[in-house]
Amino acid sequence: MTVRSFLLGEGEDLDTPLRTHETVGPLLGSVHGMTSAADRAVEHELATVVDNFLGLDMFDLMVGGWCRYAALREAAHRTRDVPGSEEVVAMATHRIKSAHRPYIDVYVDGAKIGTLEVELEVVFWISGLVCVVRDAHLTGVRSGQCAVDASLAVQGATLTERRGRRLDLPGAFALRAPVPLLREESNPREARTVPGGSWR
């Protein structure tokens, strides 16, 4: 599930919301000689750029929060230290917030005419979550309930939002592969080599 599929319905695009909220018009108003057709073309290109950003994976956003969650990290360390071991972790009710603020610089004929500010916020409200950790990886989600709030704003104007949509975690987020929980940490058990050495 992507942010786009969560926020926008099938067949919906961002061209109309951008035009309705007049988010691009003020930028283009400073350019002399722009026709309405040219304005529409620029609006469409900007809508496409924003739309591509909405391809973020919802599960990746959630896992990004879980990788910082103490109980899962502790289980990851213990299972890494005992290869082949597995732990089932019941997590307390918690919230994961993922906020993104990219921007798009707009140029016409090589001259910058302004910047389009984008704000995306996704909040997961999670309860009753039971996770399976094996060899420092998240390998399964056995139960849990989740409500999601998400909103997309451009130039401070909210283009679309959804509040309180409920998701069944095991059903909505079946793991395609084990997810490393200690990605940024080196494994002290791994053998290390010294570069530059040679033996005859």
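**Exercise 1. Is D105 buried, exposed or partly exposed, and what is its relative accessible area?**

Before solving, note that this is a predicted model, in which local features need pLDDT of at least 70 and side-chain atom pairs count only at pLDDT 80 or more, while totals for chains, interfaces and linings use all residues. Residues are numbered from 1 along each chain as its sequence is written, and side-chain values use heavy atoms, with hydrogens and water left out.

*Solution.* Step 1: recall the classes, in which buried means under 20% relative accessible area, exposed means over 50%, and partly exposed is in between, for a 1.4 Å probe and protein chains only. Step 2: D105 has a relative accessible area of 31%, and is therefore partly exposed. Step 3: look at the partner, since the side chains of D105 and K112 meet in a salt bridge with 3.4 Å from N to O; a salt bridge here is a side-chain nitrogen of Lys or Arg within 4 Å of a carboxyl oxygen of Asp or Glu. Step 4: K112 also counts as partly exposed, at 47% relative accessibility.

**Exercise 2. Describe how the helices and strands follow one another along the chain.**

*Solution.* Step 1: count the elements, taking helices (H or I, at least four residues) and strands (E, at least two) as DSSP runs numbered from the N terminus; the chain has seven helices and seven strands. Step 2: read their order from the N terminus, which is α-α-α-α-α-α-β-β-β-β-β-β-α-β. Step 3: turn to burial, where 40% of the 200 residues of the chain count as buried. Step 4: consider contacts, meaning heavy atoms within 4.5 Å; of those in the chain with a separation of 6 or more, 69% are between residues 24 or more positions apart.

**Exercise 3. Which parts of the chain does the salt bridge between R4 and D51 tie together?**

*Solution.* Step 1: begin with the general idea that side chains of opposite charge can pair when their charged atoms come close. Step 2: in the salt bridge between R4 and D51, the closest N and O atoms are 2.6 Å apart. Step 3: R4 lies in helix α1 (residues 3-7) and D51 in helix α4 (residues 36-53), so this pair ties together parts that are 47 residues apart in sequence. Step 4: list the surroundings of D51, which touches R4, L8 and L14 when residues up to four places away in sequence are not counted.

**Exercise 4. Find the strands joined by the salt bridge between R142 and E86, and classify both residues.**

*Solution.* Step 1: the closest N and O atoms of R142 and E86 are 3.9 Å apart. Step 2: R142 lies in strand β5 (residues 137-154) and E86 in strand β1 (residues 86-91), so the pair ties together parts that are 56 residues apart in sequence. Step 3: R142 is exposed, with a relative accessible area of 53%, whereas E86 counts as partly exposed at 42%. Step 4: widen the view, because a search of the whole structure finds nine salt bridges, and those that share partners join E86, R134 and R142 into one network.

**Exercise 5. Which residues of α4 are buried, and how are they placed around its axis?**

*Solution.* Step 1: the buried residues of α4 are E43, L46, A47, V50 and D51. Step 2: these residues cover an arc of only 140 degrees around the axis, which puts them on the same side of α4; the arc is that of the directions from the helix axis to the C-beta atoms. Step 3: connect this with the general rule that an α-helix has 3.6 residues a turn, so residues three or four places apart point the same way. Step 4: the cover over the buried residues of α4 includes α1, α2 (15-20), β3 (103-108), β4 (111-134) and β5, while the face turned away from the buried side carries the exposed residues A37 and N52.

**Exercise 6. Why is helix α5 described as largely enclosed?**

*Solution.* Step 1: seven of the nine residues of helix α5 (residues 58-66) are buried, so this helix is largely enclosed by the rest of the structure. Step 2: the buried residues are M58, F59, L61, M62, V63, G65 and W66. Step 3: at the start of α5, a side-chain oxygen of D57 reaches to within 2.8 Å of the backbone nitrogen of F59.

Note on methods:
A polar contact is a pair of N or O atoms within 3.5 Å; within protein, one must be able to donate a hydrogen and the other to accept it, and residues adjacent in sequence count only if both atoms are side-chain atoms.
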